Amino acid sequence: QVQLVESGGGLVQTGGSLRLSCTVSRRTGSDDYMAWFRQVPGKDREFVAGLKWTGSTGDLLDSLQDRFTISRDNAKNTVYLQMNSLKPEDTAVYYCALRTSGAGQYSFWGQGTQVTVSS
């Protein structure tokens, strides 16, 4: 069983920054895909960013590309989401998730971390 633990959420003012971390309990396959999602009550969960344990690039929601960055530290089995110039509409619960190579869906999820951006 794989466990994902998020951290780094909190309350920040508009324009501030936060860095979320997601640590995986054990290293999974190189082609496995780690992703960040966010969810606001009453709305569907939204893909934010993702990347594999190998390779130089990741994926990022188009509307966030100028403010958010995804990165990883393979030695620490950790994926990061750097969020800059935060806006009140970024307020959500942020989840990390793991999709194993060849799988059609995300099999493992973290517990979520709350990000609140005050105006």
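## Exercises on a strand protein

Val48 is buried, with a relative accessible area of 0%. Buried means under 20% relative accessible area, exposed means over 50%, and partly exposed lies in between (1.4 Å probe, protein chains only). The model is predicted, so local features need pLDDT of at least 70 and side-chain atom pairs pLDDT 80 or more, while totals for chains, interfaces and linings use all residues. Residues are numbered from 1 along each chain as its sequence is written, and side-chain values use heavy atoms, without hydrogens and water.

**Exercise 1. Find the strand that holds Val48, then list the contacts of Val48 beyond its sequence neighbours.**

Step 1. Go to strand E5, residues 46-52; Val48 sits there. Strands (E, at least two residues) and helices (H or I, at least four) are DSSP runs, numbered from the N terminus.

Step 2. Skip the neighbours within four places in sequence. Then look for contacts (heavy atoms within 4.5 Å).

Step 3. Start before the strand: Val48 touches Trp36, Phe37 and Arg38, among others. Next come Asp59, Leu60, Leu61, Leu64 and Phe68. Leu81 and Tyr94 complete the list for Val48.

Step 4. Now try a distance. Val48 and Thr113 are 65 residues apart in sequence. Their C-alpha atoms are 14 Å apart in space.

**Exercise 2. Count the helices and strands, then judge how compact the protein is.**

Step 1. The count gives zero helices and 11 strands. Read along the sequence, the pattern is β-β-β-β-β-β-β-β-β-β-β.

Step 2. The radius of gyration is 14 Å, and the globule rule gives 14 Å for 119 residues, so the protein is as compact as a globular protein of that length. The radius is taken over C-alpha atoms, and the rule is 2.2 Å times the number of residues to the power 0.38.

Step 3. Add the dimensions. Along its principal axes, the C-alpha trace spans about 40 × 30 × 25 Å.

Step 4. Check the interior. Of the 119 residues, 42% count as buried.

Step 5. Check the contacts with a separation of 6 or more. Residues 24 or more positions apart account for 53% of them.

**Exercise 3. How many disulfides does a search of the whole structure find?**

Step 1. Look for cysteine sulfur atoms within 2.5 Å of each other, which defines a disulfide. The search finds one.

Step 2. The partners are Cys22 and Cys96, with sulfur atoms 2.0 Å apart. The link of Cys22 and Cys96 is right-handed, with 60° about the S-S bond.

Step 3. Cys22 lies in strand E3 (residues 18-24) and Cys96 in strand E9 (residues 92-99), so the link ties together parts that are 74 residues apart in sequence.

Step 4. Compare their exposure. Cys22 is buried, at a relative accessible area of 0%. Cys96 is buried too, at 1%.

**Exercise 4. Are Asn77 and Ser85 buried or partly exposed?**

Step 1. Take Asn77. Its place is the loop between strand E7 (68-73) and strand E8 (78-83). Asn77 is buried, with a relative accessible area of 15%.

Step 2. Take Ser85. Its loop runs between E8 and E9. Ser85 is partly exposed, with a relative accessible area of 40%.

Step 3. Finish with the backbone. Phi of Asn77 is near 50°, a positive value in a residue other than glycine. Phi of Ser85 is also positive, near 50°, and Ser85 too is not a glycine.
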